[in-house]
Amino acid sequence: MPTRDPDVDAFLALLAAQRAPSTVEAYRRDLAVFSTALGKPLVDATVADLERVVAQLRADALAGTTIARRLAAARGLYKHLQLIGRRADNPAAGAARQRHA
């Protein structure tokens with residue numbers, strides 16, 4: 001299990017006020033996949049880091065919808081981090097643009 005990440009916890013707390021508990025839990029699991037794969041705080045991830053994780057998810061033959069949902073969770077987190085001034089960019093936006101059949 002990944003180490004608790006205060007940035008992720010704050011994002012999920014905010015999300016909990018807007019979304020169903022099942023959505024928040026799905027985002028928690030999806031962000032944990034990225035956190036575990038990266039081995040570093042998500043706030044420090046680069047586009048290349050996220051592309052590497054997405055490539056691994058594809059290599060693991062995950063459904064496109066699952067990968068898209070995981071990227072949506074990451075995009076939401078990075079948008080939140082941008083809004084609060086923790087990130088200047090959204091590395092998940094770059095990774096999400098790459099489409100593979």
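Start with arginine 28, which, apart from its neighbours within four places in sequence, is in contact with Arg4, Asp9 and Leu12. In this predicted model, arginine 28 is found in helix α2. Is arginine 28 buried or exposed? Its relative accessibility is 32%, so arginine 28 counts as partly exposed. Now look along the chain to arginine 87: arginine 28 and arginine 87 are 59 residues apart in sequence, and their C-alpha atoms lie 20 Å apart in space.

A short step back from arginine 28 brings you to glutamate 25, also a residue of helix α2, which covers residues 21-38. With a relative accessibility of 33%, glutamate 25 counts as partly exposed, since that category lies between the under 20% of buried residues and the over 50% of exposed ones. Glutamate 25 and leucine 12 are separated by 13 residues in sequence and by 8.6 Å in space, C-alpha to C-alpha. Leucine 12 has come up before, as one of the contacts of arginine 28.

Let us move to helix α1 and pick out leucine 15, which has its place there. Here the accessibility is 7%, so leucine 15 counts as buried. Which residues does leucine 15 touch, once its neighbours within four places in sequence are left aside? They are Val24 and Tyr27. Leucine 15 can also be compared with a residue far along the chain: histidine 80 is 65 residues away in sequence, yet the two C-alpha atoms are separated by 9.9 Å.

Histidine 80 leads us to the contact of α1 with α4, where His80 is one of the α4 residues involved. Two packed helices are described by the angle between their axes and the distance between those axes. For α1 (residues 6-16) and α4 (residues 64-83), the axes come within 10 Å and cross at roughly 100 degrees. The two helices are therefore roughly perpendicular to each other, as angles from 65 to 115 degrees count that way. On the α1 side the contact involves Asp7, Val8, Ala10, Phe11 and Leu14, and on the α4 side it involves Ala73, Gly76, Leu77, His80 and Leu81. By type, these residues divide into seven nonpolar, two polar and one charged.

Helix α4 has another partner in α2. How far apart are the axes of α2 and α4? They are 9 Å apart, and the helices pack at an angle of about 90 degrees. That angle makes α2 roughly perpendicular to α4. From α2 come Ala26, Tyr27, Asp30, Leu31, Val33 and Phe34, which meet Arg69, Arg70, Leu71, Ala72, Ala73, Ala74 and Leu77 of α4. This contact divides into 10 nonpolar residues, no polar ones and three charged ones. You may recognise Ala73 and Leu77, which are listed in the contact with α1 and in the contact with α2. Tyr27, too, is a familiar name, as it is in contact with leucine 15.

Before α4 begins, there is a loop to visit. Alanine 61 is found in this loop, between α3 (47-59) and α4. Most residues other than glycine have a negative phi. Alanine 61, however, has a positive phi, near 65 degrees. Its relative accessibility is 64%, so alanine 61 counts as exposed.

Now zoom out to the whole chain. It holds five helices and zero strands, and from the N terminus on its elements run α-α-α-α-α. Why can the chain be called as compact as a globular protein of its length? Its radius of gyration is 13 Å, close to the 13 Å that the globule rule gives for 101 residues, so the chain matches such a protein in compactness. The C-alpha trace spans about 35 × 30 × 25 Å along its principal axes.

Of the 101 residues, 39% count as buried. The chain exposes about 5,900 Å², and carbon and sulfur atoms supply 55% of that area. Finally, consider contacts between residues at least 6 apart in sequence: 55% of them join residues at least 24 apart.

How values were computed:
Residues are numbered from 1 along each chain as its sequence is written. This is a predicted model: local features need pLDDT of at least 70, side-chain atom pairs count only at pLDDT 80 or more; totals for chains, interfaces and linings use all residues. Side-chain values use heavy atoms; hydrogens and water are left out. Axes are lines fitted to C-alpha atoms, for helices over the stretch in contact, and angles run from 0 to 180 degrees between N-to-C directions. Helices (H or I, at least four residues) and strands (E, at least two) are DSSP runs, numbered from the N terminus. Angles under 35 degrees count as roughly parallel, over 145 as roughly antiparallel, 65 to 115 as roughly perpendicular and the rest as oblique. Contact means heavy atoms within 4.5 Å. Ala, Val, Leu, Ile, Met, Phe, Trp, Tyr, Cys and Pro count as nonpolar, Asp, Glu, Lys and Arg as charged, and the others, Gly among them, as polar. The radius of gyration is taken over C-alpha atoms; the globule rule is 2.2 Å times the number of residues to the power 0.38. Buried means under 20% relative accessible area, exposed over 50%, partly exposed in between (1.4 Å probe, protein chains only). Accessible areas come from the Shrake-Rupley method with a 1.4 Å probe; for residues, only the protein chains shown count as cover.
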